[in-house]
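Biologist: Please take one part of this model and examine it closely, together with what surrounds it. I would like the contacts set out residue by residue, with the cut-offs behind each term.

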Amino acid sequence: MSCSVFNVTDQHGSKLQNREVIDHIQKCLESEDYLKLPAIGPTGGGAPPEDESTSIELTGTDRPGLLSEVCAVLASLSCNIVKAEVWTHSRRAAAVIQITDEASGLAIHDAARLSKVQELLCNVMQGDGASSSRGSTRTGVPLGTARAERRLHKLMLDDGSGGGGGSEEAVSGEDRCGKARPKAGAKVVVMDCAERRYTVVILRCRDRPKLLFDTLCALTDLQYVVFHGTVDAERRSREAYQEYYVRHVDGHPARSDAERSRLVRCLEAAVERRASGGLELEVRTEDRVGLLSEVTRVFRENSLSIIRAAIATRDGRAEDTFYVSDAYGNPVDGRTMDAVGEQLGDAVLRVKRRGSGSDAPAKSVAEGGAVSVLGSLLKGSFQGLRLIRSYS
């Protein structure tokens, strides 16, 4: 029997008092199926319900204008994007996109049409067709937001962008333009606890929403089981400390330096994917067919690169969020944003947050050198070891 205790707040840092939200959390935690990794199957294995959308998974080489090309292809095939999550990391891109038929507003069941969608999108994801380029496209039943994010973690790990694949892009530490990739301030230490046959994983970084989710997704996808753990979010410093005692699913701790190094790289990648340092833009307007294609085209024509995107449609309104930089990964200047606002016309464009390195680690951690970083990371380890002894 396992026992886990979580002290949580709402998104504003206040005590959680919404009974509906509390009941929903309890229902999800009590459901065995909810925590299983969602799998997207081929459309031939059973059509989704008629009132739902069709889900598309994409992976491929990241480049400026990629999302614009994807949206243009779907618009040309009379497919309407109703929801999407797009992530980029280490020169790779992954997306989970939900589409409907433009005319009916329902899921697409025609096998020939879906085959055409897959063929054209696969060509887009493969880029210029160079031997190093690789892309994939799959269609299936729609997924909820949380499960789409769960799939994105798995897609990027399998694709190699989590530090676990064999591609040069995955381990180069560079962005799509060949520049050194900015770190999200994550400090990860992996070491042995020989006494109890655990691998100890310690992670310290700037706190943010869904950090715990991202970390545990990485551990799960790497086939590690968490036996003991401590998570502490410090409000004043806005730093998060995570400490886990894990074993591989085969019952063994990490058995080689290569395995420990891969664990470090994958955890760093899991933190970095969502820690976007770009300019955060919100588009809020009445939804219409081709809207997303138009918005992303304007971004591309103004040399904006999309780092991450969350696309949603609620009650007939588009609620889209984009994290963008210029084509070289630099901050976007004001004149470019003025031009984008003019060209989008009726769309409501709002600059929500400017990326200014806010995800960098605290000064004391960054300047302290390797010894002080390790000492900071180990702040709770002795307490954790006492906890393990008491349970063992």
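Modeller: The account below begins with one strand and then follows its surroundings outward.

The model is predicted: local features need pLDDT of at least 70, side-chain atom pairs count only at pLDDT 80 or more, and totals for chains, interfaces and linings use all residues. Residues are numbered from 1 along each chain as its sequence is written, and side-chain values use heavy atoms, with hydrogens and water left out.

The part chosen is strand 11, residues 317–326. Helices (H or I, at least four residues) and strands (E, at least two) are DSSP runs, numbered from the N terminus. Because 8 of its 10 residues are buried, strand 11 is largely enclosed by the rest of the structure. Here buried denotes under 20% relative accessible area, exposed over 50%, and partly exposed the range in between, with a 1.4 Å probe and protein chains only.

Strand 11 has two antiparallel partners described here, strand 9 and strand 10; strands pair if DSSP finds at least two bridges between them. Strand 9 (residues 279–286) is joined to strand 11 by 8 bridges, and in this pairing Leu281 stands opposite Phe322. Strand 10 (residues 304–314) likewise pairs with strand 11 over 8 bridges, with Arg314 opposite Arg317. The hairpin of strands 10 and 11 has 2 residues between the strands, and Asp315 takes a positive phi near 50 degrees there.

Asp326 belongs to strand 11 as well. Its C-alpha atom is separated by 4.6 Å from that of Leu304, although the two residues are 22 residues apart along the chain. Not counting residues up to four places away in sequence, Asp326 touches Ser303, Ser305, Pro331 and Val332, a contact being heavy atoms within 4.5 Å. The side chain of Asp326 also reaches two backbone nitrogens: that of Tyr328 at 2.8 Å and that of Asn330 at 2.7 Å. A polar contact is a pair of N or O atoms within 3.5 Å; within protein, one must be able to donate a hydrogen and the other to accept it, and residues adjacent in sequence count only if both atoms are side-chain atoms. Ser303, touched by Asp326, comes just after helix 8 and takes a positive phi of about 60 degrees.

Helix 8 (residues 291–301) has as its buried residues Leu291, Leu292, Ser293, Val295, Thr296, Val298 and Phe299. Strands 9, 10 and 11 are among the elements that cover them, as are helix 2 (66–76), strand 2 (79–89) and helix 9 (334–344).

Phe322 leads on to the largest nonpolar core, which has 42 residues; Phe322, Leu74, Ile81 and Ile97 are those with the most contacts inside it. A nonpolar core is a set of buried Ala, Val, Leu, Ile, Met, Phe, Trp, Tyr and Cys residues joined through side-chain atoms within 4.5 Å. The largest share of this core, 6 residues, comes from helix 2. Leaving aside neighbours within four places in sequence, Ile97 is in contact with residues including Ile56, Leu58, Val70, Leu74 and Ile81. Apart from this core lies another, of 22 residues, among them Leu157, Ala254, Leu263 and Leu267.

Ala254 also takes part in a polar contact: the side chain of Thr199 reaches its backbone nitrogen at 2.7 Å. Thr199 lies in strand 6 (residues 198–206) and is buried at 0% relative accessibility. Beyond four places in sequence, the contacts of Thr199 include Ala254, Leu263 and Tyr245.

Ring pairs link Tyr245 with Tyr198 and Phe227 into a cluster. Rings of Phe, Tyr and Trp (its six-membered ring) pair if their centres lie within 6.5 Å, with planes under 30 degrees apart counted as stacked, over 60 as edge-to-face and the rest as tilted. There are 3 aromatic pairs in the structure. One of them, Tyr198 and Phe227, is tilted, at 5.7 Å centre to centre and 50 degrees between the planes. Since Tyr198 lies in strand 6 and Phe227 in strand 7 (residues 224–234), this pair ties together parts 29 residues apart in sequence. Tyr198 is buried at 6%, whereas Phe227 is partly exposed at 41%. Tyr198 and Tyr245 form an edge-to-face pair, 6.1 Å centre to centre with 75 degrees between the planes.
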